[in-house]
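Thanks for making the time. I have one chain to go through today, and I will start with the annotation before moving to the helices. Please have the structure open while I talk.

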Amino acid sequence: QVVYVTASLPYCVLIIYLIRGLTLHGAVNGLIYMFTPKLEQLSNPKTWISAATQIFFSLGLGFGSLIAFASYNEPSNNCERHAIIVSLINSITSIFASIVTFSIYGFKATFNYESCINKVILLLMNAFDLEEGSLTADNLNEMKDYLMATHPQEYTQLLPQLKNCSLEAELDTAVQGTGLAFIVYSEAIKNMEVPQLYSVLYFVMLLMLGIGSMLGNTAAILTPLTDSRVIAAHFPKEVISG
């Protein structure tokens, strides 16, 4: 009954994040990046090894938790059908969570890219005393070429401070694991409206996922202990669980 909460709550939070993520500025950039295949990555064996590792890990294969849970089924249960259903739910959940993640990641990358552009524009306007509104993100490259041609010495001195802003580069700096969970998401959340609400929702979701995983792992240990007649005869189930 506890697993009903720990398993379903993250889905509720992900749905909330999906609705919010798709309405964020730049979310489309993240989704385009996600669904655009990169042939150089697909031809790399390490990519497929990482993918297989993730599938084995997310399914919990080899941990004993699936075997422990399956042991509570009736002998007539169709295990093959359930194995296929669990595998499909796992893969669909991964894609669903990826859409949520990349929509938020696209927002973060777009936010960083536009911040970089604005800093470059401000730097050039102050350095060359340009009129307000004469330099925009659309004509930035043309104005750079113009300033380099008309003020070569001043532009050369300013060059080390001019960052090369690129949306693709921002999207390419993808991280995984704890970096994604605690750094990228946290940076994106703090730039949203009502960041406190989304922070609480996000870390409650992480807590539920952690508890749910540990319940599965402990079930793999508790089930054979409670099934043992020697141990079960001397200790009630609550004591063994404790």
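UniProt, in an unreviewed entry, places the feature "transmembrane region" at residues 14-36, 48-72, 84-105 and 200-222. What you have on screen is a predicted model, so a word on confidence before the details. The mean pLDDT of the chain is 87, and 97% of its residues reach 70 or more. Confidence is lowest in α10, with a mean of 74, and highest in helix α2, residues 27-35, at 93. Where pLDDT is low, the predicted coordinates should not be read in detail.

Back to two of those annotated stretches. Over residues 200-222 the chain is 100% helix, with no strand, and the end C-alpha atoms are 32 Å apart. Over residues 14-36 the chain is 78% helix and 0% strand, and there the end C-alpha atoms are 23 Å apart.

Next, the helices themselves. Helix α6 runs from 79 to 128. It has 50 residues, and from its first C-alpha to its last it reaches 72 Å, close to the 74 Å expected at 1.5 Å a residue. After α6 comes Asp-129, with a positive phi near 50°. Asp-129 sits in the loop between α6 and α7, the latter being residues 140-150. Is Asp-129 buried or exposed? Its relative accessibility is 68%, so Asp-129 counts as exposed.

Val-194 also has a phi near 50°, a positive value in a residue other than glycine. Val-194 belongs to the loop between α10 and α11. Because its relative accessibility is 51%, Val-194 counts as exposed. For background, most residues other than glycine have a negative phi.

Helix α11 covers residues 195-227. How far apart should its ends be? At 1.5 Å a residue, the 33 residues of α11 should span 48 Å, and the end C-alpha atoms are 47 Å apart, which agrees. That said, α11 has a kink of about 30°, centred on Ala-219. Ala-219 is one of the buried residues of α11; among the others are Tyr-198, Tyr-202, Met-205, Met-208 and Gly-216. Further buried positions in α11 include Ala-220, Thr-223 and Thr-226.

Now the binding site. In the unreviewed entry, UniProt lists Ser-58, Asn-90, Leu-209 and Ser-213 under "binding site". These are spread over 156 residues of sequence, yet they cluster in space, with a largest C-alpha distance of 13.8 Å.

I will take the listed residues in order. Ser-58 lies in helix α4, residues 45-59. With 30% relative accessibility, Ser-58 counts as partly exposed. Asn-90 has its place in helix α6. Which class does Asn-90 fall into? At 13% relative accessibility it is under the 20% cut-off, so Asn-90 counts as buried. Leaving out residues up to four places away in sequence, Asn-90 touches Ile-55, Ser-58 and Leu-59. Ser-58, then, is both a listed position and a residue that Asn-90 touches.

The remaining two are in α11. Leu-209 lies in that helix, and at 39% relative accessibility Leu-209 counts as partly exposed. Ser-213 is found in α11 as well, and its 46% relative accessibility makes Ser-213 partly exposed. Ser-213 and Gly-60 are 153 residues apart in sequence, but their C-alpha atoms are 8.9 Å apart in space.

Last topic, the nonpolar cores. Which residues have the most contacts inside the largest nonpolar core? They are Tyr-17, Val-100, Ile-104, Tyr-185, Ile-189, Met-192 and Tyr-202, in a core of 16 residues. The elements that give two or more residues to this core are α1 (2-22), α6, α10 (178-190) and α11. A second, separate core has 15 residues, including Ile-121, Phe-128, Leu-140 and Tyr-155.

To look at one core residue, go to Val-100. Neighbours within four places in sequence set aside, Val-100 is in contact with Leu-14, Tyr-17, Leu-18 and Tyr-185. Of these partners, Tyr-17 and Tyr-185 are also on the list of residues with the most contacts inside the core. One caution on that core: α10 contributes to it, and α10 is where confidence in the chain is lowest.

Technical notes:
Residues numbered from 1 in each chain as written. Predicted model: local features only at pLDDT ≥ 70, side-chain atom pairs only at ≥ 80, totals over all residues. Heavy atoms only, no water. UniProt positions renumbered as here; feature names shortened; annotations may be inferred. Helix = DSSP H or I, 4+ residues; strand = E, 2+ residues; numbered from the N terminus. Buried < 20%, exposed > 50% of the residue type's maximum accessible area, 1.4 Å probe, protein only. Core = buried A, V, L, I, M, F, W, Y, C linked by side-chain atoms within 4.5 Å. Contact = heavy atoms within 4.5 Å. pLDDT = per-residue confidence, 0-100. Expected span 1.5 Å × (residues − 1). Bend = angle between axes of the 7 residues up to and from the residue.
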